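Here is a short report for a first look at a structure. Take a moment with the sequence and the model before reading on.

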Amino acid sequence: MPQFFSNKRLVLLLVGMIFLVALISFSLRDRNHASLPEQVIKDVVGFGQTMFSKPTQYVTGIFNNVESLLNTYDENKRLKARLEDYATLQASVNELQLENEEIRKIIDKEESLRKFNPIQSTVIARNPDQWEEKIIIDKGETHGVAVNMAVMTSQGLIGKVILTSKFTSTVELLSTQNPNYRVSAVIADEQEVFGLIEGYDMERKELILKRIDSEFEVKKGQKVTTSGLGGIFPKGILIGEVTEVTTDDYGLTQLAYVKPAASFSILDHVIISKRSINSVDGTDGGNTERDLSEGAGEES
């Protein structure tokens with residue numbers, strides 16, 4: 001034993017191991033504060049990390065700024081190109097407006113079939129028994145709404161006003177099963193092809209476009225819009241897209257199925273078109289004044 005303690009190196013190694021084990025045990029305990037050695041080590045390491053990270057962040061920032069400048073340059077070029085296109089488009093629009101005014105002067109027509117004042121409205125009620133046929137909106141006579149005004153969404157036409165009160169109105173949708181509901185429509189491609197929206201196929205969830213002259217070729221995918229000839233619906237409102245073309249029961253005219261552009265199931269906000277010209281009294285299908293007052297649904 002005395003010989004063991006006489007070996008100083010062995011003693012120092014043993015004491016060092018004991019001290020190291022005690023230090024590790026002390027460090028593994030749950031503590032709220034770090035010991036002085038730990039604080040010194042953490043501070044030294046943190047200072048070194050800071051000294052290293054600052055230049056790294058600076059260099060990274062330079063590369064990011066260069067990349068941002070390059071992206072800004074490319075974006076600026078694209079915006080300039082779009083501005084040039086916009087200027088060209090604006091010039092074309094101005095020219096078309098001037099031509100339109102000149103043509104209206106020539107034919108002594110002061111108002112355009114497209115012209116209307118929009119009235120924004122919100123759907124406030126819907127009868128479950130007539131979910132696909134009617135909605136109630138929060139605008140009425142005090143807001144300038146009247147019977148037979150067209151109603152649309154941002155996607156396309158949905159129907160027309162059939163009943164008004166002081167503060168609310170009832171709108172009959174294009175998806176109604178009312179057999180007298182007609183909308184004068186047009187398929188505009190190389191030439192205008194006219195027809196009437198008459199009926200809604202519940203199984204297909206599509207409108208039926210009838211009375212299309214058989215001499216015209218109607219193709220799948222063509223857009224259907226309002227013609228403006230009936231006096232209720234302004235010209236150019238999107239109705240939908242042709243999905244199928246066939247002949248009617250008598251084989252004299254064509255019939256097309258039209259997928260509606262607007263959804264009749266989900267309606268929150270709608271637009272009422274307040275026409276700035278006088279409505280024509282029923283020319284599309286010959287509805288009488290009594291039919292219209294009862295909400296028969298034909299465009300007039």
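What percentage of the 300 residues of the chain count as buried? The figure is 32%. Keep in mind that this is a predicted model.

## Overall build

The chain has 12 strands and 4 helices. Take the contacts with a separation of 6 or more: 58% of them come from residues 24 or more positions apart.

The chain exposes about 20,000 Å². Carbon and sulfur atoms supply 57% of that area.

## The nonpolar core

The largest nonpolar core has 39 residues. Ile-135, Ile-158 and Leu-209 have the most contacts inside it.

Ile-135 touches Ile-158. Leaving aside residues up to four places away in sequence, Ile-135 also touches others, including Val-123, Ala-125, Val-171, Leu-173, Leu-267 and Val-270. Arg-126, Ser-169 and Thr-170 are among its contacts too.

## A buried lysine

Lys-139 is found in a loop. Strand S2 (134-137) lies on one side of that loop in sequence, and strand S3 (150-152) on the other.

Is Lys-139 buried or exposed? Lys-139 counts as buried because its relative accessible area is 18%, and the cut-off for buried is under 20%. Not counting residues up to four places away in sequence, Lys-139 touches Ile-119, Gln-120, Ser-121, Val-145, Phe-167, Thr-168, Ser-169 and Ile-272. Ser-169 is also touched by Ile-135.

## A nonpolar surface patch

Leu-10, Leu-13 and Met-17 make a nonpolar patch on the surface. The patch covers about 280 Å². Leu-13 sits in helix H2, which spans residues 8-28.

Conventions:
Residues numbered from 1 in each chain as written. Predicted model: local features only at pLDDT ≥ 70, side-chain atom pairs only at ≥ 80, totals over all residues. Heavy atoms only, no water. Core = buried A, V, L, I, M, F, W, Y, C linked by side-chain atoms within 4.5 Å. Buried < 20%, exposed > 50% of the residue type's maximum accessible area, 1.4 Å probe, protein only. Contact = heavy atoms within 4.5 Å. Helix = DSSP H or I, 4+ residues; strand = E, 2+ residues; numbered from the N terminus. Areas by Shrake-Rupley, 256 points an atom, 1.4 Å probe, with all protein chains shown as cover. Patch = residues over 30% accessible without salt bridge, like charges linked within 9 Å, V, L, I, M, F, W, Y side chains within 5 Å. Salt bridge = Lys/Arg side-chain N within 4 Å of Asp/Glu carboxyl O.
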